[in-house]
Amino acid sequence: MNCCLAVLLKDCSFWAAPVTKACSWSWRNILLTRRYLIQSVLYEVRDGNSFSLWHDPWVLGDSIVNRFGERVIYDSGILRNTLTSSVIREGRWEWPTTSCDLLELNNITVAIPLPAGRDKVHWMKKGGIFSLPQAWLSLVPHSPVASWAKVVWFPKRIPKHSFCLWLTFFNGHKTLDKLHSIGVSHSDTCIFGCGQRETINHLFFSCPFIASIWNHLLTLCEHNRGSGGWDMVSAWSIQKLQGNSFKPWITKLSLAAAVYHCWVQRNNRLFRNSFCNSESVIQLIVSDVVGKCRGLDRVVDNQLNSGIFHNWNLPSSLLSAGVDTGRSWSMS
Ligand SMILES: [Zn+2]
């Protein structure tokens, strides 16, 4: 800290330190965070011995220089690097009255109490303590939660599958229609031999080869519906797969696994000339989903769940009596 004061700040206030070409990249960026930081810190003047009179943001969240400009320093006849204590006498504000700005300052600070003790800097509110998570939340702008968030990020997911599904919701895969449009690929014809264009909507799951895989998984999860393109599947999943009871949970697990393994198969065909039939892809998906289910230590034994268990050939020892509270499973 002393090193910072002596070398980086050269004994001037952190809030007044200039950003110059001589600043290192890291120091420059620390200084640039001040515009965000000033929204989050609360300066409480007590004895005035820790705060810079002109530069620290103790006047209703702002510094005097910011509010009134440099002229007020000159008008006051008080040194630039002085502390706030220089205008406090016996627990009361005492300002020079040599300019309109100083008179206004006097009026403003009358409303600022001066409790006994040392000056304090609070985080966000009085008594607030700095923490990295709080700082992150206050400094980084947050977007509203996406409607598909719970379809992608659900408990006990398989991370690499969820990441692939997240990319799909973002339309982030480099499908052949995109590569063709920028001249990277000679053709945009689907690699699974259906003769149609490869788009996200086609791959998940309009393409007959992939539709057969997804339809099989839907049946295993006790969903009586046919496949469609990604526009339909994504809208359906957002509407129907929000909960975490066993059926939506295993359907989300299957959806993410299907998207992941079908994308891997597409890449294998395209770049490695390696082919698997749909039964083999289903086996890979089933293996991942069943492996995850075997890690559960309790699934409520009801007609729906036991039907799904039967379809997936899951061990019935995982089923146990209990009330379905919406999350009808738990994991050891
Ligand atoms: Zn196709």
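1. Let's start with Asn244, which you'll find in the loop between α13 and α14. Keep in mind that you are looking at a predicted model. Is Asn244 buried or exposed? Neither label quite fits: Asn244 is partly exposed, because 16 other C-beta atoms lie within 10 Å, and a buried residue would need 20 or more, an exposed one 12 or fewer. Now look for Asn81: Asn244 and Asn81 are 163 residues apart in sequence, and their C-alpha atoms are 60 Å apart in space.

2. Next, zoom out to the whole chain. The domain assignment splits the protein chain into domain 1 (2-139) and domain 2 (149-331). How many Å separate the centres of the two domains? Taken over C-alpha atoms, the answer is 56 Å.

3. On to some helix packing. As a bit of background, two packed helices are described by the angle between their axes and the distance between the axes. Try α12 (208-220) against helix α14 (residues 246-272). They pack at an angle of about 160°, and their axes are 10 Å apart. So α12 and α14 are roughly antiparallel to each other, since the cut-off for that label is an angle over 145 degrees. The crossing is right-handed. On the α12 side the contact uses Ile210, Ile213, Trp214 and Leu217, and on the α14 side Ser254, Ala258 and Cys262. Sorted by type, the residues of this contact are six nonpolar, one polar and no charged.

4. Now turn to the other partner of α12 in this note, helix α15 (residues 278-293). Here the angle is about 40°, with the axes 10 Å apart. That makes α12 oblique to α15, because roughly parallel is kept for angles under 35 degrees. The crossing of α12 and α15 is right-handed. From α12, the residues making the contact are Phe209, Ser212, Ile213, His216 and Leu217; from α15, they are Ser278, Val281, Ile282 and Ile285. This contact has six nonpolar residues, three polar and no charged. If you like tracing side chains, look at Ile213 and Leu217: both are listed in the contact with α15, and both are also in the contact with α14.

5. That leaves the pairing of α14 with α15. These two pack at an angle of about 140°, with their axes 9 Å apart. What do we call that arrangement? α14 and α15 are oblique to each other, because the roughly antiparallel label needs an angle over 145 degrees. Their crossing is right-handed. The α14 residues in the contact are Ile250, Leu253, Ser254, Ala257, Ala258, His261, Cys262 and Gln265, and they meet Val281, Leu284, Ile285, Asp288, Val289, Lys292 and Cys293 of α15. By type, that comes to ten nonpolar residues, three polar and two charged.

6. Gly228 deserves a quick look too. Where does Gly228 sit? Its place is in the loop between α12 and α13 (230-240). Gly228 counts as partly exposed because 17 other C-beta atoms are within 10 Å. Leaving out residues up to four places away in sequence, Gly228 touches Ser206 and Val233. Leu176 makes a handy reference point: Gly228 and Leu176 are 52 residues apart in sequence and, C-alpha to C-alpha, 19 Å apart in space.

7. Finally, some backbone oddities to check. Most residues other than glycine have a negative phi, and most peptide bonds are trans. Which two residues are joined by a cis peptide bond? They are Phe204 and Phe205, with omega about 0°. Phe205 is part of helix α11 (residues 200-206).

8. Two asparagines go on the same checklist. Asn171 is not a glycine, yet its phi is positive, near 55°. Look for Asn171 in the loop between α9 (159-169) and α10 (176-181). Asn171 counts as partly exposed because it has 13 C-beta neighbours inside 10 Å. Asn313 also has a positive phi without being a glycine, at about 60°. You'll see Asn313 in the loop between α16 (303-312) and β6 (319-320). With 9 C-beta neighbours inside 10 Å, Asn313 is classed as exposed, because 12 or fewer is enough for that label.

Technical notes:
Residues numbered from 1 in each chain as written. Predicted model: local features only at pLDDT ≥ 70, side-chain atom pairs only at ≥ 80, totals over all residues. Domains from an automatic or database assignment. Helix = DSSP H or I, 4+ residues; strand = E, 2+ residues; numbered from the N terminus. Contact = placed C-beta atoms within 7 Å. Axes fitted to C-alpha atoms, helices over the stretch in contact; angles between N-to-C directions. Parallel < 35°, antiparallel > 145°, perpendicular 65-115°, else oblique. Left-handed = near helix turned anticlockwise from the far one by under 90°. Nonpolar A, V, L, I, M, F, W, Y, C, P; charged D, E, K, R; others polar.
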